[in-house]
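Work through the exercises below with the model open. Try each task before reading its solution.

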Amino acid sequence: MTTADDTKGLMTSEPMRSVPDPPSPPPDRPAARQPGERQPGETWIGGSDATPAAFGYLGAIFLGPVIPLIVYAITARRSPFLRWHAATAVNLSVSCLLYGLCCAILGGLLALDSITVAIIIAVPLFLAVWLITLRYLLRGAAAVNRGERYDVPSWICAPIVT
């Protein structure tokens, strides 16, 4: 039979030895970088270069795929970073538009039987789709401002534009 004192392990009166500092990296291998830190000569998209892509994400909140399509048409050839984010904003907004159309069709079919059931099911479903899309649009806009690439999950966003 074991008691609570048996599980504590070996107890000694010796002080714990200090752990030495890790060795510094050799000069031929670079040290680990902090987030947001850039090496000399490394290109970074930010500031005015990222503004159109962020505008595409934020414009999709209010006008659907119209603003992201305009941003995609204007910035697609400027840089691969801007093209990636503009295409992601277009894909996400078009996918949300198609999900909204499906919610409207479902609501219309349910309204043939009962208006109350149609409102109870279709409206919360549409709001849930819109809120999920809003979340990913805001995350994409934040990634643009940080100069990072953001992948939207494939279950919410169909790859329509590349």
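The exercises go from the overall fold to single residues, and the model is a predicted one.

**Exercise 1. Overall make-up**

Task: State how many helices and strands the protein has, and give the order of its elements.

Solution:
- Count the elements. The protein has 4 helices and 0 strands.
- Read them from the N terminus. The order is α-α-α-α.
- Turn to burial. Of the 162 residues, 31% are buried.
- Look at the surface. About 11,700 Å² is exposed, and carbon and sulfur atoms supply 65% of that area.
- Check contact range. Take the contacts with a separation of 6 or more: 63% of them join residues 24 or more positions apart.

**Exercise 2. A nonpolar patch**

Task: Find which residues form a nonpolar patch on the surface, then place Ile115 in its element and class its exposure.

Solution:
- List the members. They are Ile115, Ile119, Val123, Phe126, Leu127, Trp130 and Leu131.
- Give the area. Together these residues have about 650 Å² of accessible area.
- Place Ile115. This residue lies in helix H4, which covers residues 115-146.
- Class Ile115. Its relative accessibility is 52%. The cut-off for exposed is over 50%, so Ile115 counts as exposed.

**Exercise 3. Salt bridges**

Task: Say how many salt bridges the structure holds, and name the partners in each.

Solution:
- Start with the principle. Side chains of opposite charge can pair when their charged atoms come close.
- Count. The structure holds 2 salt bridges.
- Take one pair. Glu148 and Arg146 meet through their side chains at 3.1 Å, N to O.
- Class both partners. Glu148 is partly exposed at 38% relative accessible area. Arg146 is partly exposed at 45%.
- Take the other pair. The side chains of Arg149 and Asp151 meet at 4.0 Å, N to O.
- Class Arg149. At 56% relative accessibility, Arg149 counts as exposed.

**Exercise 4. Ala158 and its contacts**

Task: Locate Ala158, decide whether it is buried, partly exposed or exposed, and find its contacts beyond four places in sequence.

Solution:
- Locate Ala158. It sits in the segment after H4.
- Class Ala158. The relative accessible area is 34%. Partly exposed lies between the 20% and 50% cut-offs, so Ala158 is partly exposed.
- Set aside neighbours within four places in sequence. Ala158 is then in contact with Asn91 and Ser95.
- Compare sequence and space. Ala158 and Val94 are 64 residues apart in sequence, yet their C-alpha atoms are 8.4 Å apart.

Technical notes: Residues are numbered from 1 along each chain as its sequence is written. This is a predicted model: local features need pLDDT of at least 70, side-chain atom pairs count only at pLDDT 80 or more; totals for chains, interfaces and linings use all residues. Side-chain values use heavy atoms; hydrogens and water are left out. Patches are made of residues with over 30% relative accessible area and no salt bridge: like charges are joined within 9 Å, nonpolar side chains (Val, Leu, Ile, Met, Phe, Trp, Tyr) within 5 Å. Accessible areas come from the Shrake-Rupley method with a 1.4 Å probe; for residues, only the protein chains shown count as cover. Helices (H or I, at least four residues) and strands (E, at least two) are DSSP runs, numbered from the N terminus. Buried means under 20% relative accessible area, exposed over 50%, partly exposed in between (1.4 Å probe, protein chains only). Contact means heavy atoms within 4.5 Å.
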